[in-house]
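Please look over the sequence and the model shown here. A short report on the fold and its contacts comes after it.

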Amino acid sequence: SSDDLITVDQKFSVENPQLWSPATPGLYQAVSQVSVNGKKTDEYTTTFGLRYFNFDREKGFFLNGKPTKIVGVCMHHDFGALGSAVNYRAMERQLEILKSMGINGIRTSHNPAAPEWLELCDKMGFIVMTETFDVWKAIKENTPFNYNLYFDEWHKRDITDHVVRDRNHPSVFMWSIGNEIPEQYGGVKDTTGRAITRELVNIVHSLDNRPVTAGFN
């Protein structure tokens, strides 16, 4: 029951850390163990990377204090004739090809990516803007059977699950809350888009402090 939940805060230092970057995507592991009366009852391993970054409107993007150009692409989750089911080697091969082209940044289109894909981005060194929604409440042209049918009931749960699941990935630098959202056209009288935007941004920032954006057209 909820009465049995225990929250534990832990802090630790890493001496001389290898900072994560596309050129040197070093990773660490934190092993969490639960013991009862001296006997281990559970164990969970969290992979993570150490890095810091900031955006400067005059000078651009800085990673670990160094100016860095993000050379990016937008990637859908399918693999052509292989379909959209997770295929680890197909994902790895795609990223190898992108890496050979000089790509270091990726925007997911237009839904949370497979955990295995983000793990590859962590290991291979890609800066990721990960996207939650393709649609909010308004219907997109020619797509009446879309997430708009479920937004009211599911958007809070889905965006929360997305952020909590993926926030430990060092490759994730930004959250995107939408793609080509029709609510952006509301104008002065219709403030629906602004209200939804504020709600979604507030949900994300209650869980993580990385920047939030959206792919508007």
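The report goes from the overall fold to the strands, then to the helices and side-chain contacts.

## Overall fold

This is a predicted model. The protein chain has 4 helices and 10 strands. From the N terminus on, the order of elements is β-β-β-β-β-β-α-β-α-β-α-β-α-β. The C-alpha trace spans about 60 × 50 × 45 Å along its principal axes. The protein chain has 217 residues, and 35% of them count as buried.

## The antiparallel sheet

Strands 3, 4 and 5 form an open sheet with the order 3-4-5. Its pairing is antiparallel. Strand 3 (53-56) and strand 5 (66-67) are the edge strands, each pairing on one side only. Strand 3 and strand 4 (residues 60-63) are joined by 4 bridges and run antiparallel. One residue pair can be named here: Asp56 has Gly60 in strand 4 as its bridge partner.

## Strand 8 and its neighbours

Is strand 8 buried or exposed? Strand 8 covers residues 127-131, and 5 of the 5 are buried, so this strand is largely enclosed by the rest of the structure. Ile127, Met129 and Glu131 point one way from strand 8, while Val128 and Thr130 point the other way. In a regular strand, side chains alternate between the two faces of the sheet. Both sets in strand 8 are buried.

Strand 8 pairs with strand 7 and with strand 9. Strand 7 (residues 105-109) is joined to strand 8 by 3 bridges, and the two run parallel. Ile106 stands opposite Val128 in this pairing. Strand 9 (residues 172-179) is joined to strand 8 by 4 bridges, again with the strands running parallel. The bridge partner of Thr130 is Trp175 in strand 9.

Helices link these strands along the chain. From strand 8 the chain crosses through helix 3 to strand 9, in a right-handed β-α-β crossover. Strand 7, helix 2 (residues 115-124) and strand 8 also make a right-handed β-α-β unit.

Helix 2 holds Glu119. This residue counts as partly exposed because its relative accessibility is 40%. Glu119 and Ser171 are 52 residues apart in sequence, yet their C-alpha atoms are 8.5 Å apart in space.

## Helix 3: two settings

Helix 3 covers residues 151-166 and includes Trp154. His155 is in helix 3 too. How do these two residues stand in terms of accessibility? Trp154 has 36% relative accessibility, so it counts as partly exposed. His155 is buried, because its relative accessible area is 6%, under the 20% cut-off.

Their surroundings can be described in turn. Trp154 joins Phe145, Leu149 and Tyr150 in a nonpolar surface patch of about 500 Å². The side chain of His155 makes a polar contact of 2.9 Å with the side chain of Glu199.

## Salt bridges

The model has 9 salt bridges. Side chains of opposite charge can pair when their charged atoms come close. Among the salt bridges are the three in this table.

| Pair | Closest N to O distance |
|---|---|
| Glu43 and Lys40 | 2.9 Å |
| Glu92 and Arg89 | 3.0 Å |
| Asp152 and Lys137 | 3.4 Å |

Asp152 lies in helix 3, and Lys137 lies in the loop between strand 8 and helix 3, so this pair ties together parts that are 15 residues apart in sequence. Asp152 counts as exposed, at 55% relative accessibility. Lys137 counts as partly exposed, at 42%.

Glu92 and Arg89 both lie in helix 1 (residues 88-100). They are 3 residues apart, about one turn of the helix. Glu92 has a relative accessible area of 24% and is partly exposed. Arg89 is partly exposed as well, with 42%. Which residues are linked in a network of salt bridges? They are Arg89, Glu92 and Glu96.

The Glu43 and Lys40 pair completes the table. Glu43 counts as partly exposed at 39% relative accessibility. Lys40 is also partly exposed, at 47%.

Methods
Residues numbered from 1 in each chain as written. Predicted model: local features only at pLDDT ≥ 70, side-chain atom pairs only at ≥ 80, totals over all residues. Heavy atoms only, no water. Pairing = 2+ DSSP bridges. Patch = residues over 30% accessible without salt bridge, like charges linked within 9 Å, V, L, I, M, F, W, Y side chains within 5 Å. Areas by Shrake-Rupley, 256 points an atom, 1.4 Å probe, with all protein chains shown as cover. Salt bridge = Lys/Arg side-chain N within 4 Å of Asp/Glu carboxyl O. Buried < 20%, exposed > 50% of the residue type's maximum accessible area, 1.4 Å probe, protein only. Right-handed = clockwise from strand over helix to strand, strands pointing away. Polar contact = N/O pair within 3.5 Å; in protein donor to acceptor, adjacent residues only side chain to side chain.
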